[in-house]
Amino acid sequence: MRKIIEIRAAEGGEDSKLFCKDLAQAYIKFAHSKGWATRLINEYPGQVEIEVQGTDLSGLENEPGGHRIQRVPPTERKGRVHTSTVTVAIIDATESQRAVAIPTIDLKIEWYSGTGAGGQHRNKHQNSCRITHIPTGEVATAQCRSRQNSLDMAMTDIQTRIDNLTKNQYNNNIANDRRHQVGSGMRGDKIRTYRFQDDVVKDHNSEKTASVKKVMAGNFELLWKE
């Protein structure tokens with residue numbers, strides 16, 4: 001099983017971006033404590049994506065949403081407490097890279113004579129291939145001197161087209177799921193509050209509290225529902 005933990009800065013400017021990196025490190029520590037493999041996919045200012053692979057990742061379902069932070073940022077010179085937010089989304093990556101298996105029954109294969117340059121062989125022999133993917137209406141054609149080459153080329157083309165359609169649908173589903181998970185990203189739309197000055201984290205779903213230091217060391221289970 002593979003999932004992607006996506007952390008994005010929301011409100012709060014620079015400290016929101018800094019906390020993305022802090023939270024990412026905490027999730028990596030948590031994953032390693034579980035024996036899960038991790039891989040850093042992307043890291044930009046204000047966005048970190050971590051792939052996690054393991055046998056049972058169901059506990060990560062407790063993490064999506066807005067995370068509010070109250071602390072004195074490392075960049076704050078006057079000691080003032082700032083409030084900022086980041087959002088966390090948990091994305092199922094198991095199916096994201098798989099090629100689509102196309103059932104033969106979904107394909108309509110037609111043969112026809114070629115057109116254009118190529119001489120009498122292309123124009124008189126039905127070696128050109130047209131493949132229609134019936135469920136989507138996608139069409140691929142190929143005109144080669146042999147039927148097998150035309151079939152192979154058209155099959156490669158239709159496979160690429162269906163893979164791209166599936167990938168686009170996957171990305172659209174992920175975008176919709178992400179919006180549902182993270183909410184608005186505003187300070188009032190939160191699942192958890194980290195009060196560094198009091199060393200307290202409160203989870204607003206479970207109503208549990210724990211030490212900020214312990215949670216940032218990767219002990220997220222302290223905040224989860226029983």
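## Strand 1 and its partners

In strand 3, Gln 47 serves as the bridge partner of Arg 8. That pair is a good way into this predicted model, since it introduces the pairing of strand 1. Strand 1 (residues 2–9) and strand 3 (residues 47–53) run antiparallel and are joined by 7 bridges. Strand 5 (residues 82–92) also runs antiparallel to strand 1, and 7 bridges join these two. Here, Ile 7 is the residue that stands opposite Val 88 of strand 5.

How many of the residues of strand 1 are buried? The count is 6 of 8, so the strand is largely enclosed by the rest of the structure.

## The chain as a whole

With strand 1 in place, let us step back to the full chain. Its secondary structure comes to 4 helices and 11 strands. Of the 226 residues in the chain, 39% are buried. If we take the contacts between residues at least 6 apart in sequence, 55% of them join residues at least 24 apart.

The accessible surface of the chain is about 12,600 Å². Carbon and sulfur atoms account for 47% of that surface.

## Helix 3

Helix 3 covers residues 147–182, which is 36 residues. At 1.5 Å a residue it should span 52 Å, and its end C-alpha atoms are 52 Å apart, so the expected span and the model agree.

Which residues of helix 3 are buried? They are Ser 150, Ala 154, Ile 158, Ile 162, Tyr 170, Ile 174, Arg 178, Gln 181 and Val 182. It helps to read that list with helix geometry in mind. An α-helix has 3.6 residues a turn, so residues three or four places apart point the same way.

The buried residues of helix 3 pack against several strands: strand 1, strand 4 (65–71), strand 5, strand 6 (107–112), strand 7 (128–133) and strand 8 (138–142). Strand 1 and strand 5, already met as antiparallel partners, are thus both on the list of strands that helix 3 packs against.

## Arg 195 in strand 9

Arg 195 is part of strand 9 (residues 192–195). Is this residue buried, partly exposed or exposed? Its relative accessibility is 27%, so Arg 195 counts as partly exposed.

Leaving aside residues up to four places away in sequence, Arg 195 touches Gln 70, Val 200 and Val 212. Arg 195 can also be related to Arg 68: the two are 127 residues apart in sequence, while their C-alpha atoms are 8.5 Å apart in space.

## Loops around strand 10

Two loops deserve a look here, one on each side of strand 10. Asp 199 lies in the loop between strand 9 and strand 10. Asp 199 is partly exposed, with a relative accessible area of 29%. Its phi is positive, about 55 degrees, although Asp 199 is not a glycine. Most residues other than glycine have a negative phi.

The other loop runs between strand 10 (200–203) and strand 11 (209–210), and Ser 206 is found there. Glu 207 sits in this loop between strand 10 and strand 11 too. Glu 207 has a positive phi of about 65 degrees, although it is not a glycine. As for Ser 206, its relative accessible area is 16%, so Ser 206 is buried. Beyond residues up to four places away in sequence, Ser 206 touches Leu 223, Trp 224 and Lys 225.

Definitions and conventions:
Residues are numbered from 1 along each chain as its sequence is written. This is a predicted model: local features need pLDDT of at least 70, side-chain atom pairs count only at pLDDT 80 or more; totals for chains, interfaces and linings use all residues. Side-chain values use heavy atoms; hydrogens and water are left out. Buried means under 20% relative accessible area, exposed over 50%, partly exposed in between (1.4 Å probe, protein chains only). Two strands pair if DSSP finds at least two bridges between them. Contact means heavy atoms within 4.5 Å. The expected span of a helix is 1.5 Å times one less than its number of residues. Accessible areas come from the Shrake-Rupley method with a 1.4 Å probe; for residues, only the protein chains shown count as cover.
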